[in-house]
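Subject: A structure for you to look at

Hi there,

Here is the structure I promised to pass on. Have a look at it first, and then read on for what turned up in it.

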Amino acid sequence: MLKIEKLHKSYKKNSALDGFSCELGRGIYGLLGPNGSGKTTMMRCICGLISCNSGSIECGGDEIGYLPQQFGMMKALTLYEMMEYFATLKRIPKTEQGEEIERCLELVNLSDKAKSRVGSLSGGMVRRSGIAQAILGDPSIILFDEPTAGLDPEERMRFKSLLKKIRDGKTIIVSTHIVSDVEAVCDSIIIIDRGRNIFTGSNGEVAELARGKAYLIEEGQESRLIGNYYIKDRISRDGKSYLYVLSDSPVHGAARAEAEGGIEDGYLCALKNI
Ligand SMILES: Nc1ncnc2c1ncn2[C@@H]1O[C@H](COP(=O)(O)OP(=O)(O)O)[C@@H](O)[C@H]1O
Ligand SMILES: [Mg+2]
């Protein structure tokens, strides 16, 4: 449905995408990567907002819906007027606009705000209005760029259930740097780092990357660490301080921790080359 091959995009000397490739079918994909890894640039390239230097994107003529990372505009319009504006841009016939706008506002739980000015909405509501315009017209490819940034825990939950409601027959990409955003809701995870796709797999496959690599060592014993390692956390147990370490080499004399961190540990192992 969406095939991206060897995408390169640089800003002057800075390479934002460095040969990014992936092939997406139907389902929800989590595009997981640290800040600056190229997530926004990739989504902009897919939408055609910016052009890439080389590479190809095929979407089979499917319509694309897009929630930009920074969404907030038309503050003087009412929410309904803003939706009408997007509906017109999307060439939704006038006679069908009302019903479609109501459907989308209902999905993001903003029906009662239709007559409110966009400028008077809270940050979370503005983001939800951005989600509403992205799904307007029922596009079969939807790109959400950091959709949960600025949402409170309840709104995050609501976003996850919204994804489940709209997912049928669609290709949905949710970009984030927060692992818990992609857990339990995404079918596949694409890990992006420095403009490259460094791993694609299911939640379980990502977690598997950390299997047998998590150790607990007493604080002060760092000299035991060799090879590639990453100190993820400090924890205390029975009055002692421990470091939770991901390491690609066995840590002599250290207890191997159960892979408590799951997907997050796997993600860190992929990023830190552990
Ligand atoms: N308009 C721009 N001009 C110059 N550099 C940019 C621009 N947009 C992004 N970059 C750079 O490209 C890299 C990837 O950025 P971005 O795609 O925004 O990453 P992410 O969304 O994963 O945080 C970063 O190093 C960023 O500084
Ligand atoms: Mg971004």
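Let's begin in the loop between helix H6 (179-182) and strand S8 (188-193), where you will find Ala184. This residue has a positive phi, near 70°, even though it is not a glycine. Is Ala184 buried or exposed? Its relative accessible area is 64%, and the cut-off for exposed is over 50%, so Ala184 counts as exposed. Please keep in mind throughout that this is a predicted model.

Now turn to another loop, the one between S6 and H5, which holds Glu146. Glu146 also has a positive phi without being a glycine, in this case about 50°. Its surroundings are another matter: with a relative accessible area of 6%, Glu146 is buried.

Just before that loop comes a strand worth some of your time. Strand S6 covers residues 141-145, and 5 of its 5 residues are buried. Which way do the side chains of S6 point? Ile141, Leu143 and Asp145 face one way, while Ile142 and Phe144 face the other, and all of them are buried.

S6 has partners, too. Strand S5 (residues 64-67) runs parallel to S6, and 4 bridges join them. Here Gly65 is the residue opposite Ile142. S6 also pairs with strand S7 (residues 171-176), again in the parallel sense, over 5 bridges. In that pairing, Ile142 stands opposite Ile172. If you follow the chain from S6 through helix H5 (residues 153-166) to S7, you trace a right-handed β-α-β unit.

Phe144 is a good residue to click on in S6. Its relative accessible area is 0%, so Phe144 is buried. Which residues does Phe144 touch, leaving aside its neighbours within four places in sequence? The contacts include Met43, Leu67, Ile131, Phe159, Leu163 and Val174. You can also look from Phe144 to Leu31: the two are 113 residues apart in sequence, yet their C-alpha atoms are 9.7 Å apart in space.

Next, try helix H1 (residues 39-47), where Thr41 is found. Why can we call H1 largely enclosed by the rest of the structure? The reason is that 7 of its 9 residues are buried. These are Lys39, Thr40, Thr41, Met42, Met43, Cys45 and Ile46. Thr41 itself has a relative accessible area of 9%, which is under the 20% cut-off, so Thr41 is buried. Beyond its neighbours within four places in sequence, Thr41 is in contact with Lys9, Tyr11, Ala16, Leu17 and Ile50. Just after H1, Gly48 takes a positive phi of about 80°.

For a contrast in accessibility, go to helix H2 (residues 79-89) and pick out Glu84. At 27% relative accessibility, Glu84 is partly exposed. Setting aside neighbours within four places in sequence, Glu84 is in contact with Gln97 and Ile101. Glu84 and Leu246 are 162 residues apart along the chain, and 51 Å separates their C-alpha atoms.

There is also an open sheet of 4 strands to find, in the order S11-S12-S10-S13, with antiparallel pairing. Strand S11 (229-237) and strand S13 (255-256) stand at the edges with a single partner strand each, so one side of each has no neighbour in the sheet. The partner of S13 is strand S10 (residues 214-218), and 2 bridges join this antiparallel pair. One thing to look for there is Leu216, whose bridge partner in S13 is Ala255.

Finally, here is the view of the whole chain. It contains 8 helices and 13 strands, and its C-alpha trace spans about 70 × 45 × 35 Å along the principal axes. Of its 274 residues, 46% are buried. Among contacts between residues at least 6 apart in sequence, 68% join residues at least 24 apart. The protein chain exposes about 13700 Å², and carbon and sulfur atoms supply 46% of that area. As for charge, there are 36 positive and 37 negative side chains, and the centres of the two sets lie 4 Å apart.

Enjoy exploring, and write back with any questions!

Best wishes

Definitions and conventions:
Residues are numbered from 1 along each chain as its sequence is written. Chains are lettered from A and ligands numbered from 1 in the order in which they are written. Side-chain values use heavy atoms; hydrogens and water are left out. Buried means under 20% relative accessible area, exposed over 50%, partly exposed in between (1.4 Å probe, protein chains only). Contact means heavy atoms within 4.5 Å. Accessible areas come from the Shrake-Rupley method with a 1.4 Å probe; for residues, only the protein chains shown count as cover. Lys and Arg count as positive and Asp and Glu as negative; His and the chain ends are not counted. The place of a charge is taken as NZ of Lys, CZ of Arg, CG of Asp or CD of Glu. Two strands pair if DSSP finds at least two bridges between them. A crossover is right-handed if, with the strands pointing away from the viewer, the path from the first strand over the helix to the second runs clockwise.
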